[in-house]
Amino acid sequence: MSDQFTTERDSYGRLLADREVWRQAGTLAAAGELTARWLEGTSEYQPGTLAPRFDDETLPIAGQLAELNRSGLFTKESQPGLGPDAGHAQREYVTGFCSAESAALLLRLSAGTELIAIAHAPGEVSQASVPVTVHDGDVVTVLGSSENPVESEQIQDWARESNETLALLLADSWYVELLDPVWGRQQHLLPAVLETLKSAADGRLAPDF
């Protein structure tokens, strides 16, 4: 590998050498591990993120997100909770791809707590609007839509950003959206999601989904 290749970046500033590693990621576990490395600052390429690094807002929860990615949830989007300040408020949330077993456990978590889980089956096209960010009285971010690549164009987009094997796997995976209904609350949602995923890995819960 030439030095030019190891230092070359795409038009978004992402490191091409780190993109090449994604060409070999054919499982959710592999995608989760590479995402964890990006969140830990040892990678400068993340499929679908048009920048080499995550934004400053993610920094306080980056470590927890890395753990989630190593526990069976390949995360796609997230934000920390922020209390009403100068007209801006956020609900903490995280979304991602996972197995049917993990989706069932996360739904069970939602059924047993006040936390909210929305699970989208493979191939499901659904759309709802659950506000998670408001600014000056206007809703600016919502959850509730399936993000599985279903259309051929969506699969091709994922394949270009990672590889075709992973793109097809994501089309056949569950997509889950998890949020804390309490505006501004922090350190409640992500620990609960992580504990649920780890309990499955430890065999403490048997999914019946």
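# Notebook: the largest pocket and its surroundings

I started with the lining of the largest pocket, sorted by class: eight residues are nonpolar, seven are polar and seven are charged. Before going on, a reminder to myself that this is a predicted model.

**Entry 1, the pocket.** I looked up its volume next, and the largest pocket comes out at about 550 Å³. Its lining is made of 22 residues. Which of them lie nearest the centre? I noted W38, G48, T49, K76 and E77. Then I checked which elements take part: α3 (28-39), β1 (74-79) and α6 (152-161) each bring at least two residues to the lining. Strand β1 gives the most, with five residues. A general note on the approach: rolling a probe the size of a water molecule over the atoms shows where empty space is left.

**Entry 2, the whole chain.** I stepped back to get the overall picture. I found eight helices and eight strands in the protein chain. Along the principal axes, the C-alpha atoms fill a box of roughly 50 × 45 × 35 Å. I also looked up the radius of gyration, which is 17 Å; that agrees with a compact globule, because 209 residues packed that way would give a value near 17 Å. Of the 209 residues, 44% are buried. The exposed surface of the chain is about 10200 Å², and carbon and sulfur atoms supply 51% of that area. For contacts with a separation of 6 or more, I noted that 67% join residues 24 or more positions apart.

**Entry 3, helix α4.** Is this helix largely enclosed or open? Helix α4 (residues 62-69) has six of its eight residues buried, so the rest of the structure largely encloses it. I wrote down the buried ones: A62, Q64, L65, A66, L68 and N69. Worth keeping in mind for any helix: an α-helix has 3.6 residues a turn, so residues three or four places apart point the same way.

**Entry 4, two positive phi values.** I went looking for backbone oddities. Most residues other than glycine have a negative phi. D136 has a positive one, near 55°, and is not a glycine. I found D136 in the loop between β6 (130-135) and β7 (138-143). Is D136 buried or exposed? Its relative accessibility is 55%, so D136 counts as exposed.

Q187 is another non-glycine residue with a positive phi, here about 60°. Q187 sits in the loop between β8 (174-179) and α8 (189-201). With a relative accessibility of 45%, Q187 counts as partly exposed, because the exposed class takes values over 50%.

**Entry 5, two loop residues with distant partners.** I picked L50 first, which is in the loop between α3 and α4. What does L50 touch, once neighbours within four places in sequence are left aside? L50 is in contact with Y12 and R14. I checked the spacing for R14: L50 and R14 are 36 residues apart along the chain, and their C-alpha atoms are separated by 7.7 Å.

T113 came next, in the loop between α5 (100-112) and β5 (116-120). T113 counts as partly exposed, because its relative accessibility is 36%. How far is T113 from A192 in space? From C-alpha to C-alpha I read 9.7 Å, with their places 79 residues apart in sequence.

How values were computed: Residues numbered from 1 in each chain as written. Predicted model: local features only at pLDDT ≥ 70, side-chain atom pairs only at ≥ 80, totals over all residues. Heavy atoms only, no water. Buried < 20%, exposed > 50% of the residue type's maximum accessible area, 1.4 Å probe, protein only. 1 Å grid on protein atoms, 1.4 Å probe; cavity = no way out; pocket = protein on both sides within 12 Å on 5 of 7 lines; lining within 4 Å. Points joined across faces, edges and corners; volume = space filled by probe spheres on them. Nonpolar A, V, L, I, M, F, W, Y, C, P; charged D, E, K, R; others polar. Rg over C-alpha atoms; globule rule 2.2 N^0.38 Å. Contact = heavy atoms within 4.5 Å. Areas by Shrake-Rupley, 256 points an atom, 1.4 Å probe, with all protein chains shown as cover.
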